[in-house]
Amino acid sequence: MTSPDISKNLKATLSSEGVKNVREAMLATGIELIKREKDLCVYSSRLSVSLLQDYRISASFFLDPCGDHLMRSVRSMYPTEQEFAKFPPNVEITRTGYKDIKSVAHWGAYGIEIPHATDGVSSIRYSDAIAPSPEAAEMGISGFSIERGARGEMAVSIEFADGQSVEKTLSRQEFSDILSDNHNAFCLETIQSLVHDMAPEPNVSESPAP
């Protein structure tokens, strides 16, 4: 799989990869999914809207209680256990606002999209113990966590595949600067930037030269 191209009909591309419906399509492309009873709720973004259009799914509109951002809700469309087994939710997001909103995403070969990450997000966590992401493996990481502090700063912790763990605190502005211009989304490029900046120095042998 490669990054989704929303300029084309994604349904055909995803179907060739074994994706059977819009729920699996949302999971496969790394979109953040929120459950409201049995309904599926997603933030309105170019990717989520494109998928709903390609699968000809109608959705109602509402504003989220965290940052007044436009969301779409599809009745009785939250993924089933079987669909989650196919695309395991290895990323967990906690949002705060009027009430806690917990959501999940599958970070697989198509990347990850968590919109409005500077507005209402209190934590983002990934663990390959749930399901390894091929992109994470390529970057040499096995997990990460991002926690918002009392003043809006973001405490970032990355666990690398060799067992080393590195921590760093970013200001709200520093965190915002590495988000996607598209809806201030936490995405693959954000993770790549964090890994590049936080990667530990390679071990240098202290053996004397021959």
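Glu32 has a relative accessibility of 1% in this predicted model, and because buried means under 20% relative accessible area, Glu32 counts as buried. Its side chain meets that of Arg95 in a salt bridge, at 2.8 Å from N to O. The two partners lie in distant parts of the chain, 63 residues apart: Glu32 belongs to the loop between H2 and strand E1 (33–36), whereas Arg95 belongs to strand E5 (residues 91–95). Arg95 is likewise buried, since its relative accessible area is 0%.

The structure holds 4 salt bridges. Two further examples involve helices H2 and H4.

One of them pairs Glu83 with Arg23, with 2.8 Å between the closest N and O atoms. Here helix H4 (residues 81–86) supplies Glu83 and helix H2 (residues 22–28) supplies Arg23, so that the contact links parts of the chain 60 residues apart. Glu83 is buried because its relative accessibility is 5%. Arg23, with a relative accessible area of 18%, is also buried, because the cut-off is 20%.

The other joins Lys86 to Glu24, whose closest N and O atoms are 3.0 Å apart. This pair again links distant parts of the chain, with Lys86 in helix H4, Glu24 in helix H2 and a separation of 62 residues. The burial of the two partners may be stated separately. Glu24 has a relative accessible area of 5% and is therefore buried. Lys86, by contrast, counts as partly exposed because its relative accessibility is 37%, a value that falls in the range between buried, under 20%, and exposed, over 50%.

Notes:
Residues numbered from 1 in each chain as written. Predicted model: local features only at pLDDT ≥ 70, side-chain atom pairs only at ≥ 80, totals over all residues. Heavy atoms only, no water. Helix = DSSP H or I, 4+ residues; strand = E, 2+ residues; numbered from the N terminus. Buried < 20%, exposed > 50% of the residue type's maximum accessible area, 1.4 Å probe, protein only.
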